[in-house]
Amino acid sequence: MAWFNKDEVKKFIRKDNSVLVVWDVQEALVNSIFNKEEFLQKLKELISVARQYNVPIVYTKITPLPERFQPPYMRRSFNPGDIVKEVYPLEGDVVLNKNTTSIFVGTNFELMLRNAGIQTIVFTGIATDIGVETSARHAQALGYLPVIAREAVSSSDKDAHERSLINMSKLMLVLDNKEIIERWSS
């Protein structure tokens with residue numbers, strides 16, 4: 001059971017106060033998820049509608065620090081690859097290189113949101129149970145309205161993905177694409 005009235009909170013989602021975050025939709029991660037085709041279809045749908053309604057789109061990319069500056073316990077080689085071609089950024093989209101599991105740490109994301117008057121952050125991407133949940137909780141702690149696009153988030157671990165959605169639904173909005181699109185179109 002959530003601590004909030006879902007229908008009342010949904011009223012705060014508007015196309016003029018939202019940003020769509022496409023979290024780490026990079027080749028290695030997309031190829032590891034349990035629902036690749038469905039995920040990409042639903043993600044493409046939200047990206048298309050965001051463009052239609054002029055909702056800004058911010059892509060994140062895992063960008064490891066130089067090895068010497070990584071914490072010793074994280075020193076390993078991992079190449080996540082580029083953002084997948086099916087949802088590749090277009091001119092006008094923002095690509096944020098980031099080094100942590102929070103979109104707010106080590107980036108100018110919060111400054112960008114304040115400058116644009118954005119209060120609602122719609123999260124999509126990979127992995128639900130890692131960066132998406134971490135960033136959504138951080139967003140909420142900073143006073144933003146995080147919205148999780150249930151059909152456009154995924155993970156390589158289906159059980160962890162489902163647990164994360166259940167946990168987040170108690171704290172914030174976890175909505176189907178249809179519900180998000182309805183709010184942007186109203």
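This short presentation goes through a predicted model of a single chain, from its overall fold to selected residues.

Good morning. I begin with the chain as a whole. The chain contains seven helices and six strands. Read from the N terminus, these elements follow the order α-β-α-α-β-β-α-β-α-β-α-β-α. As for dimensions, the C-alpha trace extends over about 50 × 35 × 30 Å along its principal axes. The radius of gyration is 16 Å, which agrees with the value near 16 Å that a compact globule of 186 residues would have.

How much of the chain is buried? Of the 186 residues, 47% are buried. The accessible surface amounts to about 9700 Å², and carbon and sulfur atoms account for 50% of that surface. With respect to contacts, if one takes those between residues at least 6 apart in sequence, 82% join residues at least 24 apart. The charges are 23 positive and 23 negative, and their mean positions lie 3 Å from each other.

I now turn to individual positions, beginning with strand S1. Leu-20 belongs to this strand, which covers residues 18–23. Leu-20 has a relative accessibility of 0%, and therefore counts as buried. Which residues does Leu-20 contact, leaving aside its neighbours within four places in sequence? The contacts are Leu-46, Ile-47, Ala-50, Val-55, Pro-56, Ile-57, Val-58, Val-122, Thr-124 and Trp-184. For a distance along the fold, Leu-20 and Met-112 are 92 residues apart in sequence, with their C-alpha atoms 13 Å apart in space.

Strand S3, residues 94–98, holds the next position, Leu-96. Leu-96 has a relative accessible area of 10% and is buried, because the limit for that class is under 20%. Apart from neighbours within four places in sequence, Leu-96 is in contact with Val-58, Tyr-59, Thr-60, Lys-61, Ile-103, Thr-107, Phe-109 and Met-112. For one of these partners, Thr-107, the C-alpha separation from Leu-96 is 7.3 Å, at eleven residues along the chain. Val-58 is on the contact list of Leu-96, and Val-58 is also on the list given for Leu-20.

A charged residue comes next. Lys-10 sits in helix H1, residues 6–10. Is Lys-10 buried or exposed? Lys-10 is buried, with a relative accessible area of 14%. Beyond residues up to four places away in sequence, Lys-10 touches Leu-173, Leu-175, Glu-179 and Arg-183. Between Lys-10 and Arg-137, which are 127 residues apart along the chain, the C-alpha atoms are 17 Å apart.

Next, the aromatic rings. A pair of aromatic rings is described by how far apart the centres are and by the angle between the planes. The chain has two aromatic pairs under the rule used here. In one of them, Phe-104 and Tyr-144, the ring centres are 6.0 Å apart and the planes meet at 20°, so this pair is stacked. The pair connects distant parts of the chain, 40 residues apart: Phe-104 is in the loop between S3 and helix H4 (109–116), and Tyr-144 is in the loop between helix H5 (128–141) and strand S5 (145–154). Phe-104 and Tyr-144 are both buried. Through ring pairs, Phe-104, Phe-109 and Tyr-144 form a cluster. Phe-109 has already appeared in this talk, among the contacts of Leu-96.

Finally, I consider the backbone. Most residues other than glycine have a negative phi, and most peptide bonds are trans. What is the phi of Asp-24? Asp-24 is not a glycine, yet its phi is positive, at about 50°. Asp-24 is located in the loop between S1 and helix H2 (27–30). With a relative accessible area of 3%, Asp-24 is buried.

Asn-54 is likewise not a glycine, and its phi is positive at about 60°. The residue lies in the loop between helix H3 (36–52) and strand S2 (57–62). Its relative accessibility is 67%, so Asn-54 counts as exposed. To restate the two cases, Asp-24 is buried, whereas Asn-54 is exposed.

The last item concerns a peptide bond. The bond from Ile-126 to Ala-127 is cis, with omega near 10°. Ala-127 is placed in the loop between strand S4 (120–126) and H5. That concludes the presentation.

Note on methods
Residues are numbered from 1 along each chain as its sequence is written. This is a predicted model: local features need pLDDT of at least 70, side-chain atom pairs count only at pLDDT 80 or more; totals for chains, interfaces and linings use all residues. Side-chain values use heavy atoms; hydrogens and water are left out. Helices (H or I, at least four residues) and strands (E, at least two) are DSSP runs, numbered from the N terminus. Buried means under 20% relative accessible area, exposed over 50%, partly exposed in between (1.4 Å probe, protein chains only). Contact means heavy atoms within 4.5 Å. The radius of gyration is taken over C-alpha atoms; the globule rule is 2.2 Å times the number of residues to the power 0.38. Accessible areas come from the Shrake-Rupley method with a 1.4 Å probe; for residues, only the protein chains shown count as cover. Lys and Arg count as positive and Asp and Glu as negative; His and the chain ends are not counted. The place of a charge is taken as NZ of Lys, CZ of Arg, CG of Asp or CD of Glu. Rings of Phe, Tyr and Trp (its six-membered ring) pair if their centres lie within 6.5 Å; planes under 30 degrees apart count as stacked, over 60 as edge-to-face and the rest as tilted.
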